[in-house]
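Here are my notes to read alongside the coordinates. I have kept them short, and they are grouped by topic.

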Amino acid sequence: MAQKVVMQMTKTEEYRKRITIQNYIETKNSRGIVKKEWQDYKKVWANIKTGIQDETEESNKVNPIKLCEITIRYNSILENQLSDTEKYRIFYKRPYNLKAIENVNEANIELKLKCEAIGI
């Protein structure tokens, strides 16, 4: 009996926002001083869901957290690199810390990046 294979294709019009993936680098100048900074790594088209709210409580003060989900086309190299969430962040109008990365349905079609806005 033959198996039926169903391919899910992404619609290019879903990816309307241009985001920048940045990586954290350390460089040393001629005097040996180490400079740490965020550098643009790659620009990709994305679908962004914002408005996801969460809260933390510190010293009896509630701090809002602005979360978002960013969906990009699957890229195996990016999936491996972005799994080190400390070395990468997303920039779209403001920087977002990368909290998690998910290969949607393990289908190798889309990557979902869960992010938190920095300095809201």
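Strands here are DSSP runs of E with at least two residues, numbered from the N terminus. By that rule, Asn-23 belongs to strand S1. Please keep in mind throughout that this is a predicted model.

1. Let us stay with Asn-23 for a moment. Is this residue buried or exposed? Its relative accessibility is 15%, so Asn-23 counts as buried. Leaving aside residues up to four places away in sequence, Asn-23 touches Glu-37, Trp-38, Gln-39, Tyr-41, Lys-87 and Tyr-88. Of these, Tyr-88 in S4 is the residue that stands opposite Asn-23.

2. That pairing belongs to a wider arrangement of strands. S1, which covers residues 17–28, runs antiparallel to S4 and is joined to S4 by four bridges. S4 also pairs with S5, again in the antiparallel sense, over three bridges. Within this second pairing, Arg-89 has Asn-97 in S5 as its bridge partner.

3. The S4–S5 connection is worth a look if you check backbone torsions. The two strands form a hairpin with three residues between them. Lys-93 sits in this loop, between S4 (88–91) and S5 (95–103), and its phi is near 70°, a positive value in a residue other than glycine. Most residues other than glycine have a negative phi. Lys-93 has a relative accessibility of 71% and therefore counts as exposed.

4. Asn-105 is another residue to check for backbone torsion. Where is Asn-105 found? It is in the loop between S5 and strand S6 (110–117). The phi of Asn-105 is near 55°, again positive in a residue other than glycine. With a relative accessible area of 62%, Asn-105 is exposed.

5. Now for the interior. The largest nonpolar core has 18 residues, and those with the most contacts inside it are Ile-19, Ile-70, Ile-72, Ile-90, Leu-113 and Cys-115. At least two residues of this core come from each of S1, strand S2 (34–58), strand S3 (61–73), helix H1 (76–82), S4, S5 and S6. Which element gives the most? S6 does, with four residues. In soluble globular proteins, nonpolar side chains tend to be buried together.

6. Ile-19 has a varied set of neighbours. Not counting residues up to four places away in sequence, its contacts include Val-44, Ala-46, Ile-48, Ile-70, Ile-72, Ile-90 and Phe-91. Lys-42, Lys-43 and Tyr-92 are touched by Ile-19 as well.

7. In case you plan to assign cysteine states, a search of the whole structure finds zero disulfides. Cys-68 is in no disulfide, and the nearest cysteine sulfur, that of Cys-115, is 4.6 Å away. Why is there no bond for Cys-115? The 4.6 Å to the sulfur of Cys-68 is too far, because a disulfide needs the sulfur atoms within 2.5 Å. Cys-68 is buried at 2% relative accessible area, and Cys-115 is buried at 1% relative accessibility.

8. Finally, the aromatics: the whole structure holds two aromatic pairs. In one of them, the ring centres of Tyr-41 and Tyr-88 are 5.8 Å apart with the planes at 65°, so the pair is edge-to-face. Tyr-41 lies in strand S2 and Tyr-88 in strand S4, so the pair ties together parts that are 47 residues apart in sequence. Tyr-41 is partly exposed at 35% relative accessibility, whereas Tyr-88 is buried at 11%.

Technical notes:
Residues numbered from 1 in each chain as written. Predicted model: local features only at pLDDT ≥ 70, side-chain atom pairs only at ≥ 80, totals over all residues. Heavy atoms only, no water. Buried < 20%, exposed > 50% of the residue type's maximum accessible area, 1.4 Å probe, protein only. Pairing = 2+ DSSP bridges. Core = buried A, V, L, I, M, F, W, Y, C linked by side-chain atoms within 4.5 Å. Contact = heavy atoms within 4.5 Å. Phe/Tyr/Trp six-rings, centres within 6.5 Å; stacked < 30°, edge-to-face > 60°.
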